[in-house]
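Thanks for making the time. I will go through one model, starting with how its parts meet and then turning to some backbone details.

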Amino acid sequence: MRFSQRLDGIAPYLFAEIEKKIQAKRKAGIDVISLGIGDPDIPTPAYVVEEMQRQVAAARNHGYPTNAGLEEFAEAAAGFYRRRFGVDIDPAEEFFPLLGSKEGLAHVILAAADKDDIVLVPDPGYPVYSSGAVIAGATPKLLPLRPENGFLPDLDSLSPEDCEKAKLLFISYPNNPTAAVVPEGSDFYNRVVAFAKKWDIMVVSDNAYSELCYGDYVAPSFLEATGAKDVGIEFWSFSKPFCMTGWRLAFAVGNREMLSVLWRLKTNMDSGMFEALQRVGAFILNGPWDFVGEMNAVYARRRDLVINALQSIGLEAPVPAATIYIWVPVPEGYTSAGFAEHVLDQAAVVVTPGNGYGPNGEGFVRISLTAPDARIEEAVTRIEKSLSL
Ligand SMILES: *Cc1c(COP(=O)(O)O)cnc(C)c1O
């Protein structure tokens with residue numbers, strides 16, 4: 001068979017080796033605890049499941065959906081952006097449903113970039129930004145996220161040649177995997193808008209963790225910045241705030257031109273979102289949000305548990321103000337992969353090596369808080385033991 005060259009540039013799956021090891025250990029009867037993946041252990045709240053059951057039963061939802069999205073869903077998203085971020089969204093033209101953010105991220109690149117174009121992606125970053133660029137035939141240009149810059153990209157460090165070739169810039173705060181946030185009062189998003197205007201670059205803000213904040217921190221939206229809608233769009237997903245990763249429910253809001261080309265592309269690839277699901281999306285956005293606060297209290301407790309345990313073995317990880325991750329500098333003498341391997345072999349705990357998210361992830365591992373409290377406690381106890389050997 002002769003396949004497309006399109007996939008040749010996609011890096012081999014970096015976690016494949018770890019997965020093989022986990023399987024071997026489990027087969028051998030070893031109790032492996034995974035703090036590796038960012039998939040909530042908490043189920044979707046019952047009130048959401050019950051609404052879905054009602055909507056699935058309604059015959060009006062059974063046909064092909066309108067591809068541009070139901071008015072009801074668009075208006076609920078606009079209402080949410082107004083209440084939560086103070087951002088005005090025109091539901092008719094500045095909203096588009098997504099079958100999860102992931103497909104949107106990959107498709108927006110196909111809609112925006114051609115061969116030889118540059119796509120600016122954070123390093124470390126969510127792997128789809130780079131692999132989506134490669135699939136589109138474009139060139140991902142890595143923007144280092146460094147601890148000394150609070151894991152924000154240094155846009156001024158790019159060469160004018162690269163800026164001229166760049167079509168698209170991905171940003172994502174609160175950030176996966178570094179757990180960094182845009183600090184309150186920061187002018188970062190204003191600088192992004194100015195940069196995008198100067199070089200005619202489209203911006204995609206991936207705001208998957210806006211609601212998963214701790215203490216007093218409240219994450220902003222990129223669209224709050226003046227002029228943001230002239231240059232970009234933002235993706236917002238139900239996956240993390242409502243523990244709905246399997247449902248594939250998200251939306252994009254912002255620049256109408258970008259959304260209309262995304263729509264043009266996607267009408268040729270999928271037939272829109274199950275209307276039952278769109279109505280559930282509207283129902284969630286319009287309804288009470290107590291679930292999110294309760295869930296965040298659970299994550300905050302787990303976060304403190306892990307941070308304290310890490311401190312007791314001399315590992316100083318910054319206390320995250322948001323997300324479900326802890327980005328841990330590995331002990332001296334270890335690489336990311338070496339430390340992840342040590343922890344897996346000696347403690348039967350899975351953590352994700354940071355270099356899997358890009359070269360600048362080297363020297364870190366990511367711990368995900370998506371396991372039950374007792375399992376996290378057991379995991380940190382085992383890691384402590386394995387390092388004091
Ligand atoms: C989890 C996550 C998402 C959500 O993706 P969905 O496809 O909506 O489930 C988006 N971006 C980042 C960075 C994430 O970690």
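**Domain interface and backbone details**

Let me begin with a single residue: Thr 323 counts as buried, because its relative accessibility is 0%. Please keep in mind that this is a predicted model. Thr 323 sits in the loop that runs between H11 and S9. Its phi is near 75°, a positive value in a residue other than glycine. For context, most residues other than glycine have a negative phi, and most peptide bonds are trans.

There is another residue of this kind. Phe 151, not a glycine either, has a positive phi of about 60°. Where is Phe 151? Phe 151 is in the loop between strand S4, residues 139-144, and helix H6, residues 160-165. Is Phe 151 buried or exposed? With a relative accessible area of 10%, Phe 151 is buried, the cut-off for that word being under 20%.

Now the peptide bonds. Asp 123 and Pro 124 are joined by a cis peptide bond, with omega about 5°. Pro 124 belongs to the loop between strand S3 (118-123) and helix H5 (128-135). A cis bond also leads from Asn 176 to Pro 177, and there omega is near 15°. Pro 177 is placed in the loop between strand S5 (166-171) and helix H7 (188-199).

On to the overall division. The protein is split into domain 1, which is 5-44 + 290-387, and domain 2, which is 46-286. Taken over C-alpha atoms, the centres of domain 1 and domain 2 are 25 Å apart.

How many residues of each domain are in contact with the other? On the domain 1 side there are 32, and they are in contact with 38 residues of domain 2. The area buried between domain 1 and domain 2 comes to about 2,800 Å², and carbon and sulfur atoms give 67% of that. As for polar pairs, the count between the two domains is 12 residue pairs in polar contact. The rule finds 0 salt bridges across this interface.

Which elements give two or more residues to the side of domain 1 that touches domain 2? They are helix H11 (290-312), strand S9 (325-329) and strand S12 (364-368). H11 gives the most, with 7 residues. Sorted by class, that side of domain 1 has 20 nonpolar, 8 polar and 4 charged residues.

One residue in helix H11 is Asn 296. Asn 296 is buried because its relative accessible area is 10%, and buried means under 20%. Leaving out residues up to four places away in sequence, Asn 296 touches Glu 211, Leu 212, Cys 213 and Tyr 214.

My last residue is Ser 368, in strand S12. Ser 368 has a relative accessible area of 0%, so it is buried. Again without residues up to four places away in sequence, Ser 368 touches Leu 35, Gly 36, Ile 37, Gly 38, Ile 324 and Tyr 325. What lies 2.9 Å from a polar atom of the side chain of Ser 368? The backbone oxygen of Ile 37 does. Tyr 325 is 43 residues from Ser 368 along the chain, yet their C-alpha atoms are separated by 4.6 Å.

That is what I have; I will take questions now.

Methods. Residues are numbered from 1 along each chain as its sequence is written. This is a predicted model: local features need pLDDT of at least 70, side-chain atom pairs count only at pLDDT 80 or more; totals for chains, interfaces and linings use all residues. Side-chain values use heavy atoms; hydrogens and water are left out. Domain bounds come from an automatic or database domain assignment. Contact means heavy atoms within 4.5 Å. Buried area is the accessible area (1.4 Å probe) that two parts lose on being put together, summed over both. A salt bridge is a side-chain nitrogen of Lys or Arg within 4 Å of a carboxyl oxygen of Asp or Glu. A polar contact is a pair of N or O atoms within 3.5 Å; within protein, one must be able to donate a hydrogen and the other to accept it, and residues adjacent in sequence count only if both atoms are side-chain atoms. Helices (H or I, at least four residues) and strands (E, at least two) are DSSP runs, numbered from the N terminus. Ala, Val, Leu, Ile, Met, Phe, Trp, Tyr, Cys and Pro count as nonpolar, Asp, Glu, Lys and Arg as charged, and the others, Gly among them, as polar. Buried means under 20% relative accessible area, exposed over 50%, partly exposed in between (1.4 Å probe, protein chains only).
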